[in-house]
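Me: I've got a chain open here and want a quick walk through it. Can we start with the basics?

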Amino acid sequence: MEDKWPVRVFVSDDDIRRISLDKKPSNVEALLSELKLKLALSYDFKIQYEDPVFNNALCNLTDMSELPERPTIKIVSCVVHTSPSRISTSLSTCSTEILSPGSRGDQRLRQDPWPAEFEIPEFSVDINYRLRQGDLAYMKDGSLLKMSRDMKHVILEKLAEAMYKYMAYPQDYHFGHVASALVKAHPCLSEPGSPTGYCAWKNSLKFKMGNYRTKLRRSGMADVSVNGNRRRTDFPDGDPSSSNIKRPKRSETNFLPNFPDGESAVSLEKIRIELEMEAKKHLPDVVSVKKMMDQTFSLRRREIVEEQPPVNMMVERWPALFTETQIYDEFSRVASRNLRQQFYEALDTNTPRLIQIMKSKKGKVGVSLDGFLCQINSQNITATRTIVLRCLPLFFGDDDSEFYRTCFDSDAGEDFAQVPVGILTVIPEDDPNPAASLHLKPASIAVILEGNIVLDDLSTYPEAFCLLFGLMYALHLDYPKSMKYTFEFIQKILLNLGQNKLTPKLQTLKNAVMSS
């Protein structure tokens, strides 16, 4: 049995560790992966080592043969700079500035959703060389590359790491997406007996991703550690391995992030208390509120995902979350999307075609839709948006009787305890409009969650619906069963979040919309 390989590591100026690896890695890429797991580092970095040839001066590590038997190395963080719009194709640069992992409030969140085109990462020099030679041979005579087990392991490990940058629990089509991209980038890896050319790669990726999550769980990564302590031979009292798995279900990019570097549950709770006091002031400091909401995001997500508190408790502990600005900011933190902009842009873009489709509907549903569609006013964008949103449940066969509620402004003490999710339109008592009216000039509009009014004094129905959708993500709430198709239409078709799996109803409407 080989002796362990000892390494002295400068993680930061005040964090110096001695670690032991099972064996000396064969290449720099493998060493980077081992250190990332062993040290629980969530950011990309380079390695410098003390070179005895130059009196232990630091040099960048490019080959494992350069390291002495018992090396002293230093972690050099790669700081990625992205544009404020978070364009996925923006260039990133690597800085040689040492970024202390212990710096207060340093929280690294996923910035981008799953890409439309998955970019295969760079492998080590020797792997890249062999792949290049294999691709040349494939272009010449169609011959496929014969890989060693170690080479396949390195490729799969790198792909799993690249996938984790977007999500911890990819779905079946994500694995197919990556496997297809791999074979497209390196055709010498195609499988001659597979109908797609990458079936075995897809299956191997699934197993490798599971193994990679196990390593991350041992390192303490929050989004996979939450599913630890499952029932097994040495832990018979745990939950069944497949029950109540806590993972993103609606393409959340930051489902359960780690605490910021240097922070703990205790330190973040102190910030939360300060945030609560500030938010309850008559005129809170919006800059301070935003900063503290950013800092406490990981604590808030841990409460929501692991403890699943009732909404009224969240209102009490996190009052700032139930404001318009912070609902949009929280959606951006969770899903890496600009909810307000994308919601209205997608709704306005698809409205003309949706109205055409709805007008062609026959039968009882068509009659019900006509009651709203006859009120269309091309000069009033709010009216048009409201009509489309009110017509969607009718079109899909959803039941909005409990979701869409109205009352007069003179009705005091109205009880909404039995309303799990809804929008309440408060109508002036002297409103001459009939019950089927759009009520474009209400006294106010409110959002109801679990029988509690959590937002009020809103001016339009589209605004209330958009904010309600943001709260469903922010609080990790299930869509109301009676409005399932309407909410999935907003998520999967309008906002393009997790759109690959559509029910027949949604797929039919999407085909009709895109056929224009």
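Reply: Sure. One term first: helices (H or I, at least four residues) and strands (E, at least two) are DSSP runs, numbered from the N terminus. On that basis the chain has 17 helices and 9 strands. Keep in mind that this is a predicted model.

Me: How much of the chain counts as buried?

Reply: Of its 516 residues, 48% count as buried. The exposed area of the chain is about 26900 Å², and carbon and sulfur atoms supply 50% of that.

Me: And what share of the contacts comes from residues 24 or more positions apart?

Reply: They account for 60% of the contacts with a separation of 6 or more.

Me: Let's go to H3. What does it pack against?

Reply: Its buried residues pack against H1, H2, H4, H5 and H6. Those buried residues include Ile-155, Leu-159, Met-163 and Tyr-164. Charged ones are buried there too, among them Glu-157, Lys-158 and Glu-161. H3 has 16 residues and reaches 23 Å between its end C-alpha atoms, close to the expected 22 Å.

Me: Lys-158, then. What does it form a salt bridge with?

Reply: Glu-29, with the closest N and O atoms 3.0 Å apart. The pair links distant parts of the chain: Lys-158 sits in H3 and Glu-29 in helix H1, 129 residues apart. Glu-29 is partly exposed, at 22% relative accessible area.

Me: Which helices do the buried residues of H5 pack against?

Reply: They pack against H1, H3, H4 and H6. Among the buried residues of H5 are Trp-201, Leu-205, Lys-208, Tyr-212 and Leu-216. For the spacing, remember that an α-helix has 3.6 residues a turn, so residues three or four places apart point the same way.

Me: What span should H5 have, and what does the model give?

Reply: Its 21 residues, 199-219, should span 30 Å at 1.5 Å a residue. The end C-alpha atoms are 31 Å apart, which agrees.

Me: What comes just after H5?

Reply: Gly-220, with a positive phi of about 95°.

Me: Which non-glycine residues have a positive phi?

Reply: Ser-251 is one, at about 60°. Asp-457 is another, also at about 60°. Ser-251 is in the loop between H6 and H7, while Asp-457 is in strand E9, residues 452-458.

Me: Is Asp-457 buried or exposed?

Reply: Exposed, with a relative accessible area of 64%. Ser-251 counts as partly exposed, at 22%.

Me: Switching to H4. Is His-174 buried or exposed?

Reply: Buried, because its relative accessibility is 4% and the cut-off is under 20%. His-174 is in helix H4, residues 172-185.

Me: What does His-174 contact?

Reply: Leaving aside neighbours within four places in sequence, Trp-114, Met-163 and Met-167. Met-163 is one of the buried residues of H3. Next door in sequence, the side chains of His-174 and Tyr-173 are joined by a polar contact of 3.5 Å.

Me: Back to charges. How many salt bridges in the whole structure?

Reply: A search finds 21. In general, side chains of opposite charge can pair when their charged atoms come close.

Me: Where is the Lys-280 and Glu-316 pair?

Reply: These two side chains meet in a salt bridge at 3.0 Å, N to O. Lys-280 lies in the loop between H7 and H8 and Glu-316 in helix H10, so the pair ties together parts 36 residues apart in sequence. Lys-280 is partly exposed at 46%, and Glu-316 is partly exposed at 47%.

Me: And Asp-348 with Arg-385?

Reply: That salt bridge is 2.7 Å, N to O. Asp-348 is in helix H12 and Arg-385 in helix H14, 37 residues apart. Asp-348 counts as partly exposed at 28%, whereas Arg-385 is buried at 17%.

Me: Which residues are joined into one network by salt bridges that share partners?

Reply: Glu-269, Arg-272, Glu-276, Lys-280, Glu-303, Glu-316 and Arg-317.

Me: Last one. Which residues form a nonpolar patch on the surface?

Reply: Leu-136, Tyr-138, Met-139 and Leu-144, with about 340 Å² of accessible area together. Leu-144 lies in the loop between H2 and H3 and is partly exposed at 34%.

How values were computed. Residues are numbered from 1 along each chain as its sequence is written. This is a predicted model: local features need pLDDT of at least 70, side-chain atom pairs count only at pLDDT 80 or more; totals for chains, interfaces and linings use all residues. Side-chain values use heavy atoms; hydrogens and water are left out. Patches are made of residues with over 30% relative accessible area and no salt bridge: like charges are joined within 9 Å, nonpolar side chains (Val, Leu, Ile, Met, Phe, Trp, Tyr) within 5 Å. Accessible areas come from the Shrake-Rupley method with a 1.4 Å probe; for residues, only the protein chains shown count as cover. A salt bridge is a side-chain nitrogen of Lys or Arg within 4 Å of a carboxyl oxygen of Asp or Glu. Buried means under 20% relative accessible area, exposed over 50%, partly exposed in between (1.4 Å probe, protein chains only). A polar contact is a pair of N or O atoms within 3.5 Å; within protein, one must be able to donate a hydrogen and the other to accept it, and residues adjacent in sequence count only if both atoms are side-chain atoms. Contact means heavy atoms within 4.5 Å. The expected span of a helix is 1.5 Å times one less than its number of residues.
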